[in-house]
Amino acid sequence: PQCWEQISDKHEERRVLVAESCGALAEYVKPELCPSLIFSILRQLTEDRSALVREAAGRNLAYLITLFPVNDKQIYSKIEEIIIRLLYDSDTSVVKIATSTLCSIYCDWAHAIEPNYSLPLQLWRLEIELLIKNIAAVSGKITEQQTSKFEIQNNFLQTGANRFWQAILISSPFFESSYLNENYGNVQNKNKV
C-alpha cells in the first residue's frame with residue numbers, strides 16, 4: 001500500500017525507489033499479488049513522465065515476469081502492450097532496457113506459454129506489418145521515426161531469433177548434453193531420457 005501511495009510523488013527518486021521496491025519485494029509477497037497489485041504499480045510507472053522512472057519500471061517488470069504463471073494469457077496481452085510502448089519510448093535508455101532485458105525475459109516467458117516462440121514472433125510480424133501499412137499510407141516515403149522503429153523491431157527480432165535458436169539446440173536429439181554444456185553453459189537437453 002505504501003508503494004501505491006508513492007507512485008505519484010513529485011520526486012522522481014521516490015518513484016524510482018517504488019519501482020525498485022516492487023522488483024525487490026515481488027519474490028516475497030503472496031503469488032496472487034504479483035500479477036495484480038505489483039504489476040499494476042509497475043505498469044503505471046512505465047507511463048511516468050520521467051525516463052529514469054520508466055527505465056527502472058521496465059527493468060523491474062522484467063524480473064516480475066519471471067514470477068508470473070505461464071497460463072495467464074490475460075496478463076500476457078498487457079505485457080505485450082507495455083513492451084511495445086517501452087520499445088518505442090522517446091528516451092534511449094528506456095529503449096535499451098526494453099530491448100536488452102525486457103524482451104529477452106518476455107521471449108522466454110512467452111515460450112513457456114506457447115513453445116517455439118510463436119507469440120513473440122507473431123508480435124514482431126504484426127508490428128512490422130503496421131509499420132509497412134503506415135509507410136504506404138503516407139506517400140510511400142520512410143520517415144526518420146519509422147526508420148528508428150524498424151531498427152527497434154530488428155533488435156527485437158534478433159532477441160527472439162537468438163532465443164528460438166537456443167530452444168532448437170537444447171531440444172534437438174543430435175546434440176549431446178556435454179557439448180551443449182561446454183559451448184553454451186549449463187543447459188540440459190529436455191529430449192534426453
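Is D89 buried or exposed? With a relative accessible area of 15%, D89 falls under the 20% cut-off and therefore counts as buried. D89 sits in the loop that joins α5 to α6. Leaving out residues up to four places away in sequence, D89 touches R54, V94 and V95. Please keep in mind that the model is a predicted one. Let us now step back to the whole chain and then return to this region.

The protein chain is built from 9 helices and 0 strands. Reading from the N terminus, then, each element you meet is an α: the order is α-α-α-α-α-α-α-α-α. Of the 193 residues, 39% count as buried. If you take the contacts with a separation of 6 or more, 61% of them come from residues 24 or more positions apart. The accessible surface of the chain amounts to about 11200 Å², and carbon and sulfur atoms account for 54% of that area.

A good place to go next is the largest nonpolar core, which has 42 residues. Within this core, L64, F68, I79 and Y106 are the residues with the most contacts. At least two core residues come from each of α2, α3 (34-45), α4 (51-65), α5 (73-87), α6 and α8 (144-171). The biggest contribution is that of α6, which gives 10 residues. For a closer view of the core, try I79: beyond its neighbours up to four places away in sequence, I79 touches F39, I65, F68, Y106 and W109.

Since α6 gives the most to the core, it is worth following from end to end. Helix α6 covers residues 92-113, 22 residues in total. From first C-alpha to last it reaches 30 Å, close to the 32 Å expected at 1.5 Å a residue. Along the way, α6 bends by about 40 degrees at L102.

L102 also leads us back to α5, the helix in which L86 is placed. L86 has a relative accessibility of 1%, so it counts as buried. Apart from neighbours within four places in sequence, L86 is in contact with T46, G58, V94, V95, A98 and L102. Two of these names, V94 and V95, also appear among the contacts of D89, the loop residue we began with. Looking in another direction, L86 and E47 are 39 residues apart along the chain, while their C-alpha atoms are separated by 8.8 Å.

G58, one of the contacts of L86, takes us into α4. This helix has 15 residues, which should span 21 Å at 1.5 Å a residue; its end C-alpha atoms are 21 Å apart, so the two values agree. How much of α4 is covered? Most of it: 12 of its 15 residues are buried. They are A51, V53, R54, E55, A56, A57, G58, N60, L61, A62, L64 and I65. Note that R54, the contact of D89, is in this set. The cover over the buried residues of α4 includes α2, α3, α5 and α6. At the N-terminal end of α4, S50 acts as a cap, with a side-chain oxygen 3.3 Å from the backbone nitrogen of L52.

S50 is also one of the residues in contact with R15, which lies in helix α2 (residues 12-25). R15 has a relative accessible area of 2%, so this arginine is buried. Its side chain reaches the backbone oxygen of K10 at 3.5 Å. Setting aside neighbours within four places in sequence, the contacts of R15 are Q6, I7, S8, D9, K10, L45, D48, R49, S50 and V53. V53 is itself among the buried residues of α4.

Finally, have a look at two loops. L67 lies in the loop between α4 and α5, and its relative accessible area of 32% makes it partly exposed. Without neighbours within four places in sequence, the contacts of L67 are A26, E27 and C34. L67 and E27 are 40 residues apart in sequence, yet 7.4 Å apart in space from C-alpha to C-alpha. E32 lies in the loop between α2 and α3; with 53% relative accessibility, E32 counts as exposed. The C-alpha atoms of E32 and F68 are separated by 9.1 Å, with their positions 36 residues apart along the chain. F68 brings us back to the core, where it is among the residues with the most contacts.

Terms used: Residues numbered from 1 in each chain as written. Predicted model: local features only at pLDDT ≥ 70, side-chain atom pairs only at ≥ 80, totals over all residues. Heavy atoms only, no water. Helix = DSSP H or I, 4+ residues; strand = E, 2+ residues; numbered from the N terminus. Expected span 1.5 Å × (residues − 1). Bend = angle between axes of the 7 residues up to and from the residue. Buried < 20%, exposed > 50% of the residue type's maximum accessible area, 1.4 Å probe, protein only. Contact = heavy atoms within 4.5 Å. Areas by Shrake-Rupley, 256 points an atom, 1.4 Å probe, with all protein chains shown as cover. Polar contact = N/O pair within 3.5 Å; in protein donor to acceptor, adjacent residues only side chain to side chain. Core = buried A, V, L, I, M, F, W, Y, C linked by side-chain atoms within 4.5 Å.
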